[in-house]
Structure formats: C-alpha cells, structure tokens
Amino acid sequence: MFAVYAAAPNADSPLDSLTVGERPAPEAPEGWVTVDVTAASLNMHDVWTLRGVGIKPDQFPMILGCDGAGTLPDGTEVVLHSIIGDPAWKGDETLDPRRTLLTEKHQGAFAAQVVVPARNAIPKPAGLTPAQAAVMGTAWLTAYRMLFVKSGLRPGQTMLVQGASGGVSTALVQLGRAAGMRVWVTGRTEEKRALAERLGAHATYPSGERLPERVDAVFETVGEATWSHSMRALKPGGVVVVSGSTSGPHPDADLQRLFFLQLRVIGSTMGTRDELADLLAFVANAGIQPEIGLELPMAKAADGFRAMLDGETAGKIVFTQ
Ligand SMILES: NC(=O)c1ccc[n+]([C@@H]2O[C@H](COP(=O)([O-])OP(=O)(O)OC[C@H]3O[C@@H](n4cnc5c(N)ncnc54)[C@H](OP(=O)(O)O)[C@@H]3O)[C@@H](O)[C@H]2O)c1
C-alpha cells in the first residue's frame, strides 16, 4: 500500500527519515473500520514523530498523519478522531492515561488506507470538502477545545492568538471570529498578519509588540518565544490556554505577575469525540471555510514538511491522494 512514513527516529534531521513508499495494508481488528483516505493534513505532531518525540523507538517504521478524512466501505464520508483509548475508559478520552494518537502506536493516515475504531470515524458534514474535513481532527479540534471548553471566554471578550499562520492559530482566529470574540493576533511577518486579518482578526501586531490594552485570554502554542508577552498581555484574572510549545517548553514563568494579577494558566490537549462532532456541526452551521494554505499530492509530502519546518505556513497543509 502507498504510504508516507517515518523510517526511524531522527532528532537532528527529521526529514532524512521521511520515506515515500510502500507499507503493508492495515487489517481492521474487530470493532475497527477501514477508511480509504481521501485527504490528510500535516501537523507539527508529525515532525515530532520523525524526531522520535512521543513515540517509542520500537514503533518504527510508522506511517505518519494523525489527521484525515476518507470513506468507509459503504461509501459514508468520515472525519477521523485521532485519539485511540482504552475501550473500557469512561468519560473524557483526553484524560485516559492509556490513550495514544494515531501515529504513536497505530499507523497513521498518510496512506491509501487507515484503520481506526468504528467510533473514531465521524460522519463528515456535507458542506466540507474532503481537504477541509481532513484538518478538523487535530489542529481545529485542539483550537475548539482551547476556546470553547477551556478558556471560559464569552462572546464579546478579547482574545489574543500568538502566531498568525499556523494550523492551530488560523483555526483559533476563524472559530473566535465566528463566535463573536474580538480577535487579536500576533504574527512574525506582514504577510502572516495580513492572512490573519483576511481570516477575521480585528487587529494584528508584530510578535512581542505592546498591545493597546490587555486582553481577557491568550491562546499559546508558541512557548518560549512568546510566553512573557502572553503574561504581560493579560488583564488581572485573565487566562492563558496552552496547547503547544513550538519554540521551546521552558519559558520564564513570571510567577510574581501570575499570583499578583491572579492569572490562570490552563493546559489543553486535542478534544473528545463529542467535541469533534460539535466542531464539525459548528463549522457547517457557521459556514466557516477552514483555511488551507497548501494542498499537495501525498507523494510530494516532503515539500509540505519542509514548508512547516521553515515556518512557511499559511493555514493548514493538506495532502490528497
Ligand atoms: N496539545 C495538542 O493537542 C496539540 C494539538 C495541535 C498542535 N499542538 C502543538 O501546537 C504547536 C503548533 O502546531 P501547528 O500544527 O499549529 O504548527 P504550525 O502550523 O507549524 O504553526 C506554528 C505557529 O507557531 C508560530 N511560531 C513558531 N515559532 C515562533 C516564534 N519563534 N515566534 C513567534 N511565533 C512562532 C507561527 O507563527 P507565525 O504565523 O507568526 O509564523 C505559527 O503560527 C506545535 O508545537 C504542536 O505540537 C498541540
């Protein structure tokens, strides 16, 4: 079967491990379904996998792609929910200590076919193209949970998104705008800030620039490079919701500001199956067109990985068959 996979972990040169070739077709265990993949999207998680982060060495070779969409044998179009947990687990799957994401233990979606538990294949709303559906399960779901489940933000309040062009960032901007937030964004270049404005940001600022006023909530995936700005940007009692640390995981904690202004720091990871179903309904009901910056045939996946590693994102990067 055609597949894009990580041959072995490579911490220093992740792209050297990226292989386009053939892997055995997957077999669906009982209770699982085989999905013919129509489109799959790239996440920073795939780069971490190539580097060997979050995956045991004996799991290689591993087909990449924790985000995708496709069709079931009966023709139903589906979106993949990537969290595979213990079937006995009850409640929020993101808290299941035994959970894995596709590509951590089970083979991923950058392939002709992928197998997932039946509950992880969610019907695709008619309004979404396969490419748009393929971005929902990881970056968009993470943004949805950060904004609607974790932040406590109400429509009308002001949110700051650190990073303008990334997958999670662009999803936050589009979701926040549709939900009636005042959306502010930082971006590293004029081009990236222009993208955020086109997607609905009310105002954009160069990374690290002082804001005209403090905000109710900050959405962080960048980490060290933006953390101190995030802390300075918050109103007393404000909240920073964190789901990533692309530029480094050890920022200056700024504890005095944290306790004196009674700030809150909340971690967020992925989202539940029900949250993904709600996200799909929200995107369809609100008529949101998820931003896709680059669409490539899967065989050219290396070009997409390179763009992400070089910081040349402009919305999600999608691979099609
Ligand atoms: N916890 C979870 O469940 C979860 C889920 C999805 C993603 N994540 C994590 O979230 C992070 C983002 O993922 P992604 O897929 O959205 O990645 P991406 O598409 O590559 O986006 C990277 C973003 O980070 C910003 N950025 C990177 N380095 C920066 C720096 N030095 N200064 C300022 N901004 C910088 C970029 O801003 P510009 O637009 O200004 O270039 C861009 O918006 C990753 O670390 C990923 O692992 C976590």
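In this predicted model, strands β1 and β2 pair in the antiparallel sense. Five bridges connect the two strands. One bridge partnership sets A3 against G21, which lies in β2. The pair belongs to an open sheet of three strands. The strand order is β2-β1-β4, and the pairing is antiparallel. β2 and β4 (residues 62–63) form the edges, each pairing on one side only. Strands of a sheet pair through backbone hydrogen bonds, either parallel or antiparallel.

Antiparallel pairing also links β3 to β9, again with five bridges. Here T34 has V115 of β9 as its bridge partner. Strand β9 covers residues 113–117. Four of its five residues are buried, so that β9 is mostly covered.

T34 is also one of the contacts of T71. T71 sits in strand β5, which spans residues 68–71. Beyond its neighbours within four places in sequence, T71 contacts T34, V35, D36, T76 and E77. V135 lies 64 residues from T71 along the chain. The C-alpha atoms of T71 and V135 are 15 Å apart.

A parallel pairing joins β11 to β12 through five bridges. T158 is matched with R182 of β12 as its bridge partner. Five of the six residues of β12 are buried, so the strand is largely enclosed by the rest of the structure.

β11 (158–162) and β12 (182–187) both help to cover the buried residues of helix α6. This helix comprises residues 224–233. Its buried residues are T226, W227, H229, S230, M231 and A233. Their cover also includes β14 (215–220), β15 (234–242), α7 (255–260) and β16 (264–267).

Two of these helix residues, H229 and A233, are touched by L211. L211 is in the loop between β13 (203–206) and β14. Its relative accessibility is 12%, and L211 therefore counts as buried. Leaving aside neighbours within four places in sequence, the contacts of L211 are L160, W184, Y205, H229 and A233. L211 and H229 are 18 residues apart along the chain. Their C-alpha atoms are separated by 9.5 Å.

Helix α9 occupies residues 301–309. A301, G304, F305, A307 and M308 are buried in this helix. These residues lie on the same side of α9, because they cover an arc of only 160 degrees around the axis. Several strands and a helix contribute to their cover. Among them are β1 (2–6), β2 (18–22) and β3 (32–42). The cover also includes α1 (44–51), β17 (292–297) and β18 (316–320). Just after α9, G311 adopts a positive phi of about 75 degrees.

The loop between α9 and β18 holds T313. T313 has a relative accessibility of 13%, so the residue counts as buried. Apart from residues up to four places away in sequence, T313 touches S165, G166, K192, A307 and M308. A307 and M308 are among the buried residues of α9. The side chains of T313 and S165 are joined by a polar contact of 2.8 Å.

S165 also appears at the ligand site. Around the ligand there are 26 residues. S165, G167, S243, T246 and M270 come nearest. An oxygen atom of the ligand lies 2.8 Å from a backbone N or O atom of G167. S169 contributes through its side chain: one of its N or O atoms is 3.4 Å from an oxygen atom of the ligand. At S243, a polar backbone atom is 2.8 Å from a nitrogen atom of the ligand. On its own, the ligand has 920 Å² of accessible area, of which the protein covers 88%.

Technical notes: Residues numbered from 1 in each chain as written. Predicted model: local features only at pLDDT ≥ 70, side-chain atom pairs only at ≥ 80, totals over all residues. Heavy atoms only, no water. Buried < 20%, exposed > 50% of the residue type's maximum accessible area, 1.4 Å probe, protein only. Arc of directions from axis to C-beta. Contact = heavy atoms within 4.5 Å. Near = heavy atom within 4 Å. Polar contact = N/O pair within 3.5 Å; in protein donor to acceptor, adjacent residues only side chain to side chain. Areas by Shrake-Rupley, 256 points an atom, 1.4 Å probe, with all protein chains shown as cover. Pairing = 2+ DSSP bridges.
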